[in-house]
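Here is a protein chain to explore together. Have a look at the sequence and turn the structure around a few times before you read on.

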Amino acid sequence: MTLNLFNQSGSQLASALDSKTTTDSDSATPSAVRLFPHSQNNANDLLRPQFWSRFALSELNHSEWEALCDGCGSCCLIKYIDDDNVSDDHSHEAEMVEYTDVTCQLMDCATGYCKHYATRQEHVPDCIQLTMENLPQMMWLPSHCAYKRLYKGQDLPSWHLLLTGDAVATQQQMRAANVGVAGRCISEIGMTDEEMEERVVNWVQP
């Protein structure tokens, strides 16, 4: 099973974090920022200041939800999940998930980004779109995943772009933390099930 999340580049998001809307200088409330500075004036394009700590996941708008993705690409790796160990209340830590370094056919393994994010389900119909509704069933996501962490009441990882505001620094810190598939994954194209089973890795921690 493959999962494909937000594919917004770090540089675009960092630019958005710097593109604050103009407000009265005496205002005590920080201004919201636009994820896509050149998009039409739509409230759903706005990232509210510190939204990840001020609002519940269910209260986030579309752009805020998307901005939580750190772009690591781990969720797009082929994985093996022991469904027999999934509890009814979905409070499990998914100890029985094993990640491989084999990734969805749409992944660019050099950059770690999906080649066709916007139309990914046209190419891969079973690509799962993470939502607030299905998040509780996805505790097999990596331990650094912002969605999983916030759902469990934890903070964003210190290197997350929403905290650093610096795409280069975030990328460097992610590499230092051993996070991300860029440069160390292989496409599922041409791979047999038997070959995939031999490519289980331990650098993704659920």
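Take the contacts in the chain between residues at least 6 apart in sequence: 59% of them join residues at least 24 apart. Keep in mind that what you see is a predicted model. The chain has 206 residues, and 47% of them count as buried. Its accessible surface comes to about 10,900 Å², and carbon and sulfur atoms account for 46% of that. As for secondary structure, you can go hunting for eight helices and seven strands.

**The cores**

Which residues have the most contacts inside the largest nonpolar core? They are Phe51, Leu68, Leu135, Leu141 and Tyr147, in a core of 34 residues. The elements that give two or more residues to this core are α2 (51-54), α3 (62-67), β4 (97-103) and α5 (146-151). Of these, α5 gives the most, with three residues. There is also a second, separate core of six residues, and among them are Leu106, Cys114, Tyr117 and Val124.

**A three-stranded sheet**

Next, find the open sheet. Its three strands run in the order β3-β4-β7, and the pairing is mixed. The edges are taken by β3 (77-81) and β7 (186-187); each has a single partner strand, so one side of each is left without a neighbour in the sheet.

What makes the pairing mixed? β3 and β4 pair in the antiparallel sense, over four bridges, while β4 and β7 pair in the parallel sense, over two bridges. You can pick out a residue pair on each side of β4. Tyr80 has Glu98 in β4 as its bridge partner, and Thr103 stands opposite Ser187 in β7.

Is β4 mostly enclosed or left open? Six of its seven residues are buried, so β4 is largely enclosed by the rest of the structure. While you are looking at strands, here is a handy rule: in a regular strand, side chains alternate between the two faces of the sheet.

**Helix α7 and its two faces**

Now move along to helix α7, which covers residues 167-176. Ala167, Ala169, Thr170 and Met174 are its buried residues to look for. Why do they end up on the same side of α7? They cover an arc of only 160 degrees around the axis, and that puts them on one side of the helix. On the face turned away from this buried side, you will find the exposed residues Arg175 and Ala176.

Both ends of α7 are worth a look. At the N-terminal end, Asp166 acts as a cap: one of its side-chain oxygens lies 3.0 Å from the backbone nitrogen of Val168. Just after the helix comes Asn178, with a positive phi of about 65 degrees.

**Two residues with positive phi**

Asn178 sits in the loop between α7 and β7, and its positive phi turns up in a residue other than glycine. Gln50 is not a glycine either, yet it has a positive phi of about 50 degrees. You can find Gln50 in the loop between β2 (46-47) and α2. Are these two residues buried, exposed or partly exposed? Gln50 counts as partly exposed, because its relative accessibility is 43%. Asn178 is partly exposed as well, with a relative accessible area of 38%.

**A buried asparagine**

Last stop: Asn61, in the loop between α2 and α3. With a relative accessibility of 13%, Asn61 counts as buried, because the cut-off for buried is under 20%. What does its side chain have for company? A polar atom of the Asn61 side chain lies 2.9 Å from the backbone oxygen of Leu46. On top of that, the backbone nitrogen of Ser63 lies 3.1 Å from a polar atom of the Asn61 side chain.

Here are the polar contacts from this tour side by side, so you can check each one in the viewer.

| Side chain | Backbone atom | Distance |
|---|---|---|
| Asp166 | nitrogen of Val168 | 3.0 Å |
| Asn61 | oxygen of Leu46 | 2.9 Å |
| Asn61 | nitrogen of Ser63 | 3.1 Å |

Conventions. Residues numbered from 1 in each chain as written. Predicted model: local features only at pLDDT ≥ 70, side-chain atom pairs only at ≥ 80, totals over all residues. Heavy atoms only, no water. Core = buried A, V, L, I, M, F, W, Y, C linked by side-chain atoms within 4.5 Å. Buried < 20%, exposed > 50% of the residue type's maximum accessible area, 1.4 Å probe, protein only. Arc of directions from axis to C-beta. Polar contact = N/O pair within 3.5 Å; in protein donor to acceptor, adjacent residues only side chain to side chain. Contact = heavy atoms within 4.5 Å. Areas by Shrake-Rupley, 256 points an atom, 1.4 Å probe, with all protein chains shown as cover. Pairing = 2+ DSSP bridges.
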